[in-house]
Amino acid sequence: MRTSFGVMLALRLLGVILLGWSSLGVAQSLSWQEACRRDLAVLPDFLSQNDAGGRWAERQQGEARLAQALDEARQKVATVDNEAQCVRLLNGYLHHWRPGHLAVLPVQMEPGEQATPAAPTLEMLSDRTLLLTLPNFAPAQADALANLLDAHFSQLAETPNWIIDVRGNGGGLPQIYQPLLGWLLPTARIDYPGAFLVTRANVAAWARICHQQMADAPCDKAAQHLLRRLGKADRLWLPLGGMGPFSERAMPLQPNRPKQVAVLMDAGCASACEQFLLTVRQGMGIKLVGRPSYGAIDYGELLAHPLPSTRLQLFYASARTTRSPDMALDGVGVQPDVLLPEPASRRAETVQVQLWLENGEWRSWSQ
């Protein structure tokens with residue numbers, strides 16, 4: 001979610017920005033070892049205060065374990081002499097806090113960047129079964145899935161068995177898979193709202209995004225509102241739509257939907273891909289098949305925070321789902337309805353699921 005912010009905050013931000021520029025020459029003259037040491041030093045306190053899952057990680061991992069991880073990282077800094085080594089060291093330390101939606105990257109680089117994300121594909125495995133492969137939900141594929149569904153409308157409507165392959169789908173935007181939901185879901189589904197963590201650093205980060213993408217007036221008004229809400233407090237949670245589950249109406253349903261759907265999943269399915277699993281498993285006749293997903297979904301809405309070196313930036317979560325703690329999934333993953341071992345090959349697993357849908361029997365790999 002991108003929120004806009006305000007004048008009082010803008011003045012504060014200006015001071016921060018000018019301070020950053022005044023120290024830029026000094027920071028750029030640092031060795032990578034010293035730059036990495038400075039960046040590492042600020043991470044624990046910043047995460048505890050501003051990351052939506054920071055204090056959850058402190059409780060789950062324990063202060064002693066995180067302190068040990070920090071000590072080990074400090075020792076390894078002595079071996080750093082370039083950017084790649086520093087980024088690898090800092091991300092190794094962050095992994096002790098949370099396995100996903102938390103990363104250090106070079107300035108000007110966005111999480112999950114890839115040159116040309118693979119497009120969705122549709123393949124007829126037989127006259128009774130089709131394979132819909134969704135390799136990602138990248139923003140660059142905003143229209144690709146909708147266009148594919150339109151182009152193959154007759155095949156989709158006439159084929160009773162679908163296999164939807166999201167193995168290795170690292171996520172992206174939930175909006176990308178919206179055109180598919182009318183084929184899969186009942187009239188309504190259960191979902192959970194989120195809650196944003198409001199801190200001064202988070203407001204500043206949201207403001208930087210907002211001022212790049214929106215007019216100043218809405219940013220200013222929202223900033224003043226959030227800072228008033230925060231008052232003298234260090235942090236507060238801002239619920240979006242309540243704190244419990246709600247029923248959401250699905251988009252118009254397709255009249256000729258598949259009778260049986262198997263969603264092939266594995267540990268490569270993360271973030272928005274995991275939200276896709278949670279959503280579509282509410283459809284009738286849909287089974288999740290494979291291995292548990294990655295487990296990076298409880299905390300999200302990434303913000304960027306510049307680190308002291310000015311060469312690297314921290315991407316961290318500013319929001320959490322209200323589904324937790326009753327159904328926490330980070331580090332655990334969404335569990336399949338049918339657990340399968342690692343396959344001999346992706347194709348072999350696909351064929352096995354096809355035979356299951358068509359004949360109602362499981363066959364071992366040796367068969």
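In this predicted model, D51 touches F46, R98, L102, L197, Y316 and A317, leaving aside residues up to four places away in sequence. The residue sits in the loop that connects α3 (32–50) with α4 (54–61). D51 has a relative accessible area of 1% and is therefore buried, the limit for that class being under 20%. One of its neighbours, A317, also receives a polar approach: the side chain of D51 comes to 2.9 Å from the backbone nitrogen of A317.

**Overall composition**

The chain contains 13 helices and 13 strands. Of its 367 residues, 46% are buried. Among contacts with a separation of 6 or more, 80% are between residues 24 or more positions apart. Several of the pairs described below link parts of the chain that are distant in sequence, among them E349 and R167.

**Disulfides**

A disulfide is a covalent bond between the sulfur atoms of two cysteines. The search of the whole structure yields two disulfides. In one of them, the sulfur atoms of C36 and C86 are 2.2 Å apart. The handedness of this link is right-handed, with 100 degrees about the S-S bond. C36 belongs to helix α3 and C86 to helix α6 (residues 83–94), so this disulfide ties together parts that are 50 residues apart in sequence. Both C36 and C86 are buried.

The other disulfide joins C269 and C273, whose sulfur atoms are 2.0 Å apart. Its S-S torsion is about -110 degrees, and the link is therefore left-handed. C269 has 0% relative accessibility and so counts as buried. C273 likewise counts as buried because its relative accessibility is 0%.

**Salt bridges**

Side chains of opposite charge can pair when their charged atoms come close. The structure holds 11 salt bridges. Three of them are listed here with the separation of their N and O atoms.

| Salt bridge | N to O distance | Burial of the two residues |
|---|---|---|
| D165 and R167 | 2.8 Å | both buried |
| E349 and R167 | 2.7 Å | both buried |
| R323 and D298 | 2.9 Å | both buried |

R167 appears in two of these rows, with D165 as one partner and E349 as the other. The bridge between E349 and R167 links distant parts of the chain: E349 lies in helix α13 (residues 346–359), whereas R167 lies in the loop between β4 (161–165) and α9 (178–184), 182 residues apart.

The salt bridge of R323 and D298 has an N to O distance of 2.9 Å. R323 is placed in the loop between β12 (312–321) and β13 (338–339), and D298 in the loop between β10 (286–290) and β11 (299–306), so the pair ties together parts that are 25 residues apart in sequence. Elsewhere, salt bridges with shared partners connect D165, R167, R291, E342, R346 and E349 into one network.

**The six-stranded sheet and helix α13**

Six strands form an open sheet with mixed pairing, in the order β2-β3-β4-β9-β10-β13. Its edge strands are β2 (121–124) and β13, each of which pairs on one side only. Within the sheet, strand β3 (residues 129–133) and β4 run parallel and are joined by five bridges. One of the residues involved is T129, whose bridge partner in β4 is N161.

Helix α13, which carries E349, lies across β2, β3, β4, β9 (260–265), β10 and β13. Relative to β4, the helix runs at about 155 degrees.

**Surroundings of P239**

P239 is found in strand β7 (residues 236–239). Its relative accessible area is 38%, so P239 is partly exposed, a class that lies between the 20% and 50% limits. Not counting residues up to four places away in sequence, P239 touches G194 and A195. The C-alpha atoms of P239 and P193 are separated by 7.6 Å, while the two residues are 46 residues apart along the chain.

Methods:
Residues numbered from 1 in each chain as written. Predicted model: local features only at pLDDT ≥ 70, side-chain atom pairs only at ≥ 80, totals over all residues. Heavy atoms only, no water. Helix = DSSP H or I, 4+ residues; strand = E, 2+ residues; numbered from the N terminus. Buried < 20%, exposed > 50% of the residue type's maximum accessible area, 1.4 Å probe, protein only. Polar contact = N/O pair within 3.5 Å; in protein donor to acceptor, adjacent residues only side chain to side chain. Contact = heavy atoms within 4.5 Å. Disulfide = S-S within 2.5 Å. Salt bridge = Lys/Arg side-chain N within 4 Å of Asp/Glu carboxyl O. Pairing = 2+ DSSP bridges. Axes fitted to C-alpha atoms, helices over the stretch in contact; angles between N-to-C directions.
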